[in-house]
Amino acid sequence: MTTDAFLADCRARLAFDLLSNTWNAVVLWALRDGPRRPVELRERIGSISSKVLTETLRRLQFNGLVARQTHPGAPPRVEYRLTALGRSLLAPIDAIGAWAFAHGDEVMAAQEAACTSTTQRPPHTR
């Protein structure tokens, strides 16, 4: 195995894949204070469709980060909560959020400069 785990280790890639989906981190963060029903998550998150929320919750459940609990009744009530594994991702999500807060203006300025420059092309066109 190479010493550069971020490039060679599929577990590192898995972690980056989990965090690269915009809604994964948002939904995990929204569940940090305890179980929530889907309608509560949509209210807390805002601007996420029911379909995208359902897909995200299923993906997080598939990866062992979120647990689904059905409560009896008519109609049955469903809640989602973080698993211990999901809770372990809150610190990295918080760290990325803190980095974005500290450096977001710089990134946006670089993007704006790249867009307004007539001599520079986007990286994918070179």
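## Exercises on a predicted chain

S47 lies in the loop between helix 4 and helix 5 (50-62); helices (H or I, at least four residues) and strands (E, at least two) are DSSP runs, numbered from the N terminus. We're working with a predicted model, where local features need pLDDT of at least 70, side-chain atom pairs count only at pLDDT 80 or more, and totals for chains, interfaces and linings use all residues. Residues are numbered from 1 along each chain as its sequence is written, and side-chain values use heavy atoms, with hydrogens and water left out.

### Exercise 1: two spots in the loops

Work out what is unusual about phi of S47, and whether S47 is buried or exposed.

*Step 1.* Phi of S47 sits near 50°, which is a positive value in a residue other than glycine.

*Step 2.* S47 has a relative accessible area of 73%. It therefore counts as exposed (over 50%; buried is under 20%, partly exposed is in between, all with a 1.4 Å probe and protein chains only).

*Step 3.* For a second loop, go to the one between strand 1 (66-71) and strand 2 (77-82), where you'll find P75. The peptide bond leading from A74 into P75 is cis, with omega near -5°.

### Exercise 2: the overall layout

Find out how many helices and strands the chain has, and in which pattern they follow each other.

*Step 1.* Count them up and you get seven helices and two strands.

*Step 2.* Walking along the sequence, the pattern reads α-α-α-α-α-β-β-α-α.

*Step 3.* The chain has 126 residues, and 25% of them count as buried.

*Step 4.* Now take the contacts (heavy atoms within 4.5 Å). Of those with a separation of 6 or more, 42% are between residues 24 or more positions apart.

### Exercise 3: helix 3 and its partners

Describe how helix 3 (residues 22-30) packs against helix 7 (residues 90-116) and against helix 4 (residues 38-45).

*Step 1.* Helix 3 and helix 7 pack at an angle of about 115°, with their axes 10 Å apart. That makes the two roughly perpendicular, a label for 65 to 115 degrees (under 35 is roughly parallel, over 145 roughly antiparallel, the rest oblique). Axes are lines fitted to C-alpha atoms, for helices over the stretch in contact, and angles run from 0 to 180 degrees between N-to-C directions.

*Step 2.* On the helix 3 side, A25, L28 and W29 meet L90, I93 and D94 of helix 7. By class, that contact has five nonpolar residues, no polar ones and one charged. Here Ala, Val, Leu, Ile, Met, Phe, Trp, Tyr, Cys and Pro are nonpolar, Asp, Glu, Lys and Arg are charged, and the others, Gly among them, are polar.

*Step 3.* Turn to helix 4: the angle with helix 3 is about 110°, and the axes are 10 Å apart. Helix 3 is thus roughly perpendicular to helix 4. W23, V26, V27 and A30 of helix 3 touch L41, R44 and I45 of helix 4. The classes here are six nonpolar, no polar and one charged.

### Exercise 4: helix 4 against helix 5

State which residues of helix 4 meet which residues of helix 5, and how the two helices cross.

*Step 1.* The axes come within 11 Å and cross at roughly 110°, which makes helix 4 roughly perpendicular to helix 5.

*Step 2.* The crossing is right-handed: the near helix is turned clockwise from the far one by less than a right angle (anticlockwise would be left-handed).

*Step 3.* P38, L41, R42 and I45 of helix 4 meet S50, L53 and L57 of helix 5. Sorted by class, that's five nonpolar, one polar and one charged.

### Exercise 5: Y80

Find where Y80 sits and what it is in contact with.

*Step 1.* Y80 belongs to strand 2. With a relative accessible area of 10%, Y80 is buried.

*Step 2.* Setting aside neighbours within four places in sequence, the contacts of Y80 include L31, G34, P35, R36, P38 and L57. Q61, V66, A67 and R68 are also among them.

*Step 3.* L41 is 39 residues from Y80 along the chain, and their C-alpha atoms are separated by 9.2 Å.

### Exercise 6: cysteines

Say how many disulfides a search of the whole structure finds, and whether C10 is buried or exposed.

*Step 1.* The search finds zero disulfides, meaning pairs of cysteine sulfur atoms within 2.5 Å.

*Step 2.* C10 counts as exposed, because its relative accessibility is 59%. C115 is exposed too, at 68%.
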